[in-house]
Structures are given as structure tokens and as C-alpha cells.
Amino acid sequence: MSLEKIIDKKNAELSKIIDQKKVPEHVAIIMDGNGRWATKKGLPRRFGHNKGVSVLKEILKASKKLGCKVLTVYAFSTENWTRPSKEVDFLINLFSEVLRNEIEEIHKESIKIKFIGDLNPFPETLKNLICSSESLTKNNNTFLLNVCLNYGGRQEIVKVARELALKSTSGEIKPSEVNEELFSSELLTQGIKDPELLIRTSGEKRISNFLLWQLAYSEIYISEVLWPDFNELEFLKAIIDYQSRNRRFGGIESLPNESYEDSHCSSYQK
Ligand code: IPE
Ligand code: IPE
Ligand code: MG
């Protein structure tokens, strides 16, 4: 059956197609296309951002229901400050409003919320809401929602390098002790396994400074759908596509019932 035919089936049937043993634990999403969605409809860009919030709520529920454990979403990049101040201000107010309105529900669902990025430039109101939301949900262990705010992958890597350099200068560590494990332990995502799957909506084929270290071996799924039109069905489509991938991590495909030597030498040895 073609993938498109499969997708035409109802959500319930789709869920049956999904291999429960191969559900990604950690999904990262670049929620892109809000502005274009609104502009296409002749509306100001803020309408796209508003609709995007309800989509995030739907995908949060869907990923939890499916059995994922962590969802990491890109909500505001270090480069997004270059947008007109009217849009930046709108987004900052929207983050506060959403947190105020949704935190009780998030907590009730036993979801832990964590913000990743440099929160310093944000107004006190938002910083206080972030702090209280993180502390309210800190003991929830069913699901983790990471919201990347004023996040940039390069900035994160530079910060780790600076911290390790300082530790080395103070004699806390030796330069020879710096390895991948130590480096990862200083990242903002420390303790969280790398995403198995990255979804980017709106058809753009770039990473835009998102999780540069953590995405080293993630499977990438590009959806042509603009984020405000994304939904559970599109999410399941991404999961099904992910489950069809052969993750090699630089190795070779697994060869059931034959050894490497057999598979490569038999044709000319016979
Ligand atoms: C993503 O949508 C949301 C944020 C970056 C905050 P965009 O606002 O980038 O929408 P497009 O890509 O311009 O359509
Ligand atoms: C990436 O989208 C950032 C977020 C979704 C928050 P952008 O719209 O900012 O990325 P570019 O400009 O298309 O690379
Ligand atoms: Mg965009």
C-alpha cells in the first residue's frame, strides 16, 4: 500500500500501522511557516502565530499519546530578534499569555516543562512565568516538553567551550579530559537523549541554528505543510516515514543470516 493511501486512513487505523517498538523517544520540531500561512490568507502574521499555538497543543497531546517521552520545539531563535519589533513584542506577549493559560493543564497532564536558551533578554513578567512553570512541573515524569526560546545552536556550543576553558584554567579539569561526554554534559540539553527525529514544517530544508550538536544523527523529516495547518495526521505521517528509515550511524546495513565476509566475497570466490 502506498504511503499516501495509508495516510488517507483515519488516525485510529494509522496508529495501528505504527510499530510501537520503534516510536522515537525524542522528537524535535522546527515549527515554521506561521507568517506565510497568515499572509496567504490576507491576515497579519500574528494570526499565524496564534493558530500555531493550538497546533502545538495538538502535537503535544499526540506525541504523548503515541508513547514519545520528549518533545523539543523551536519557538524563538537567537536570530529572530532581527524581525520588526512589533512582531518580536507580539511573540514575547504570546509566550507569556500561553504559559499563563496552559500551565495548569500541562501540570495536570504530568508534563514537565523546561525552557532552553538565553532567557536574560526577556522581560521580568515572562521570566517569572517561566520560573514558576518550571518549578511547578519539575517533578512530573510522564513527559518532557522543551521550549527553545532565544536559542541558537552555535551560541550553545560557544558557551560550553567557554565553560570548559574556564574549568581548565582553574585546574578543575585537564584539557585532555575534554571529550564528547564531558562536552554533552555542559549543553543546555544535558541529561536528555538526542532527538531521533527532527521535523521541520513549511518545506524549508535547513536547520536554522537549531540543536547543532544534538542533531548529529537525527533523522530529518521535512513537511511541506505550514505549521498552522500541521496536525496529528501529519505528525503520524512523519513517524511512519521515520520508522521506514535504516539508521546506520556510519556503519553498514545489518545483514541477517550472513556475515560481512560472505556478503562481499561470495560472488567472486565461487
Ligand atoms: C515560525 O514561523 C515561528 C517563529 C519563527 C517564531 P515564521 O514566523 O518563521 O513564519 P514564516 O516562515 O515567516 O512563514
Ligand atoms: C526557525 O525559523 C526558528 C523558529 C521556528 C523559531 P525561521 O523562520 O526563523 O528560520 P529561517 O529564517 O527560515 O531560516
Ligand atoms: Mg520562518
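Two aromatic rings of Phe, Tyr or Trp form a pair if their centres lie within 6.5 Å. The legends below describe a predicted model.

**View 1. Aromatic pairs, with Trp-81 and Phe-122 as the example.** The structure contains 10 aromatic pairs. One of them joins Trp-81 to Phe-122. The ring centres are 5.5 Å apart, and the planes meet at 35°. That geometry counts as tilted. The pair links distant parts of the chain, 41 residues apart. Trp-81 sits in the loop between β2 and α5 (85-108). Phe-122 belongs to the loop between β3 (111-116) and α6 (124-137).

**View 2. The shell around ligand 1.** Ligand 1 has 13 residues around it. The closest are Asp-32, Gly-35, Arg-36, Arg-45 and Arg-83. Helix α3 (34-40), α4 (45-66) and α5 each supply at least two shell residues. The most come from α3, which gives three. By class, the shell holds five charged, five polar and three nonpolar residues. Ligand 1 sits in the largest pocket.

**View 3. Polar contacts of ligand 1.** Oxygen atoms of the ligand meet both side-chain and backbone atoms. A polar side-chain atom of Asp-32 is 2.8 Å from a ligand 1 oxygen. Arg-36 brings a backbone N or O atom to 2.7 Å from an oxygen of ligand 1. Asn-34 also uses a backbone N or O atom, at 3.1 Å from a ligand 1 oxygen. On its own, ligand 1 has 370 Å² of accessible area, and the protein covers 87% of it.

**View 4. The shell around ligand 2.** The surrounding residues include Ile-30, Met-31 and Asp-32. Tyr-74, Ala-75 and Phe-76 are also among them, as are Asn-80, Arg-83, Arg-200, Arg-206 and Ser-208. Strand β2 (residues 70-77) makes the largest contribution, three residues. The shell divides into five nonpolar, four charged and two polar residues. The space taken by ligand 2 is the largest pocket.

**View 5. Polar contacts of ligand 2.** Three side chains are shown here. Arg-206 places a polar side-chain atom 2.8 Å from an oxygen of ligand 2. For Asp-32, the distance from a polar side-chain atom to a ligand 2 oxygen is 3.2 Å. For Arg-83, the corresponding distance is 3.3 Å. Taken alone, ligand 2 exposes 390 Å², of which the protein buries 78%.

**View 6. Asp-32 beside both ligands.** Which distances separate a polar side-chain atom of Asp-32 from an oxygen atom of ligand 1 and of ligand 2? For ligand 1 the value is 2.8 Å. For ligand 2 it is 3.2 Å. Arg-83 likewise appears among the closest residues to ligand 1 and in the shell of ligand 2.

Terms used
Residues numbered from 1 in each chain as written. Chains lettered and ligands numbered in written order. Predicted model: local features only at pLDDT ≥ 70, side-chain atom pairs only at ≥ 80, totals over all residues. Heavy atoms only, no water. Near = heavy atom within 4 Å. Polar contact = N/O pair within 3.5 Å; in protein donor to acceptor, adjacent residues only side chain to side chain. Areas by Shrake-Rupley, 256 points an atom, 1.4 Å probe, with all protein chains shown as cover. 1 Å grid on protein atoms, 1.4 Å probe; cavity = no way out; pocket = protein on both sides within 12 Å on 5 of 7 lines; lining within 4 Å. Sits in = over half its atoms within 2 Å of the grid points. Helix = DSSP H or I, 4+ residues; strand = E, 2+ residues; numbered from the N terminus. Nonpolar A, V, L, I, M, F, W, Y, C, P; charged D, E, K, R; others polar. Phe/Tyr/Trp six-rings, centres within 6.5 Å; stacked < 30°, edge-to-face > 60°.
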